[in-house]
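Here is a quick tour of a protein model, written for someone who would rather look at the structure than wade through output. Keep the viewer open and follow along.

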Amino acid sequence: MAEAQIVLSYSRESGIVAIASGEQYPWAHTALAECGFQRDGDGVWHLPAGGAQTTVVDLVTCAKRHRASVHTSSRRFIGDAARDLARLLPGQWHASVEVYAHPAWQEDLVPWLWDSGELGRVVQSERIPYAAVLTDAAQGTTLLFVERPGRHLGYLVGAFSPEGLEGGYGDPHAPRSIVLPPFPGRAAQALTDRYLPAYEQAVHAHQTASIAAVLADIRSEYDTRQAMNASGRYSDATPLSAAALGASTELFLDHAWRRFLTIVDHAPTLLDRCRPANSPWPDDAAALSRLADAVSDAEALVDEIVHGDAVPEQERRARAWPAIETWLTDGDAFLRQARLSAPHRRPALPVTAPARPLAAARPAARSH
């Protein structure tokens, strides 16, 4: 394959569009510019209205001079496919095109792709010079939408890691990407009925597991510290001085606070879903109320640290510990309630869901 390639496809809104790629993609950019193409904010080249009437033959001839090859895609422009899909999804979705002209740029996707299925494998093993990104800002959901390699039809869709969650390809909690048909209505139905519920359940499970891990970590360190204080000695039987005890207490509180911030990030959404009255443990309601108050106190402390005057370390430790201690005491009640409150499946879209008018405003282009 040439070191610079141009892929042509047809866009409903822009006519013939071109995407350049390859290790020497600037050569392709030069050929496109000479033929009158202009690049938009998404990195896609198109002929402006009223511009020179460049033909494909002209482009092939020019590209050859600049050592670039020209290929025509049998698929519709991926930007059109993504926008048609976004218009049919529940909520407010925005679609944009991303171009990974240099092969190395594609590698940047890997740490952020939260997937345990085919898409994750494809991104790491197949060349993907471009893709579309679907974003629901209100829900904090971002999806990667690519043409399925080796097939003339169909797409793959999977998710990027939600903000605040660690874990990329292969994470045990990650949802599995799915194959979408080339028909917008059926694709939207598959995404709404199958993928998005699985994604939401995966986020819930990941957040719950993260909080469980934090509580286990802090509780283990707390128990070790309590045993050390009771014996007056380190774990290797070395005597523990008063100064060392004070230093170890501060170290523990600092570590516990850093870990507790994960709970501050994830617990509010999970607490909102908990319905103890409908569970086998209705008396957990009081514990959940205490936990919610503790998170609110910690959020206020974080806000003061970030936006207010500097909070002295001793004050921060003194204010943080009651919230942490509440979660150590009542955390088990939260975990059993959270595990019962995973999101339910969304209502199914009708099979014949109509597309929105094609004249709908085009989303603002994403800059690179």
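When strands and helices are mentioned below, they are DSSP runs, counted from the N terminus, with a helix needing at least four residues and a strand at least two. One thing to keep in mind throughout: this is a predicted model.

**The overall picture**

The protein's secondary structure comes to 9 helices and 11 strands. It has 368 residues, and 46% of them count as buried. If you take contacts between residues at least 6 apart in sequence, 71% of them join residues at least 24 apart.

**Pockets and cavities**

Start with the open spaces. The largest pocket holds about 660 Å³ of space. Its lining is made up of 26 residues, and Val7, Arg127, Pro129, Tyr130 and Glu147 are the closest to its centre. Which elements each supply at least two residues of that lining? They are strand 1, strand 5 (69-76) and strand 9. Strand 5 gives the most, with 5 residues.

The second largest pocket has 20 lining residues, and those nearest its centre are Gln139, Gly140, Pro162, Val203 and Gln207. Here the elements that give two or more residues are strand 9, helix 6 and helix 7 (242-273).

There are closed spaces too: the structure holds 2 cavities of 30 Å³ or more. The largest cavity is lined by Arg76, Ala81, Asp84, Leu85, Phe145, Tyr155, Leu180, Pro181, Pro182, Phe183, Pro184 and Ala187. Helix 3 (78-88) and helix 6 (184-231) each put at least two residues into that lining, and helix 3 gives the most, with 3 residues. Around the second largest cavity you'll find Val7, Ser9, Ile19, Arg76, Phe77, Ile78, Tyr130 and Glu147. Arg76 turns up in the linings of both cavities. Val7, Tyr130 and Glu147, meanwhile, line the second largest cavity and are also among the residues closest to the centre of the largest pocket.

Here is how the four spaces look by volume and by the class of their lining residues.

| Space | Volume | Nonpolar | Polar | Charged |
|---|---|---|---|---|
| Largest pocket | about 660 Å³ | 9 residues | 9 residues | 8 residues |
| Second largest pocket | about 510 Å³ | 6 residues | 9 residues | 5 residues |
| Largest cavity | about 50 Å³ | 10 residues | no residues | 2 residues |
| Second largest cavity | about 50 Å³ | 5 residues | 1 residue | 2 residues |

**Strands 1 and 2**

Now zoom in on Ser11, which lies in strand 1 (residues 5-11). Is Ser11 buried or exposed? With a relative accessible area of 1%, Ser11 is buried, because the cut-off for that label is under 20%. The Ser11 side chain reaches the backbone nitrogen of Ser14 at 3.2 Å. Leaving out residues up to four places away in sequence, Ser11 touches Val17, Phe77 and Asp80.

That brings us to Val17, which sits in strand 2 (residues 15-21). Val17 has 2% relative accessibility and also counts as buried. Beyond its neighbours within four places in sequence, Val17 is in contact with Val7, Leu8, Ser9, Ser11, Val44, Trp45, His46 and Phe77. Take His46 from that list: Val17 and His46 are 29 residues apart in sequence, yet their C-alpha atoms are 4.6 Å apart in space. Two of the Val17 contacts, Val7 and Ser9, belong to strand 1.

**Helix 5**

Next stop is helix 5 (residues 118-125), where the buried residues are Leu119, Gly120, Val122 and Val123. Looking down the axis of helix 5, those buried residues fall within an arc of 165°, so they line one face of the helix. As general background, an α-helix has 3.6 residues a turn, so residues three or four places apart point the same way. And what do the buried residues of helix 5 pack against? Their partners are helix 4 (103-107), strand 7 (113-114), strand 9 (141-147) and strand 10 (155-160).

**A buried arginine**

Last, have a look at Arg317 in helix 9 (residues 313-340). Arg317 is a charged residue by class, but at 6% relative accessibility it counts as buried. Setting aside residues up to four places away in sequence, Arg317 touches Glu250, Leu253 and Asp254.

Notes
Residues are numbered from 1 along each chain as its sequence is written. This is a predicted model: local features need pLDDT of at least 70, side-chain atom pairs count only at pLDDT 80 or more; totals for chains, interfaces and linings use all residues. Side-chain values use heavy atoms; hydrogens and water are left out. Buried means under 20% relative accessible area, exposed over 50%, partly exposed in between (1.4 Å probe, protein chains only). The arc is that of the directions from the helix axis to the C-beta atoms. Contact means heavy atoms within 4.5 Å. A polar contact is a pair of N or O atoms within 3.5 Å; within protein, one must be able to donate a hydrogen and the other to accept it, and residues adjacent in sequence count only if both atoms are side-chain atoms. On a 1 Å grid over the protein atoms alone, a cavity is a set of points where a 1.4 Å probe fits but cannot get out, and a pocket is an open set with protein on both sides within 12 Å along at least five of seven lines; lining residues have an atom within 4 Å of a point. Grid points are joined across faces, edges and corners, and a volume is the space filled by probe spheres set on the points.
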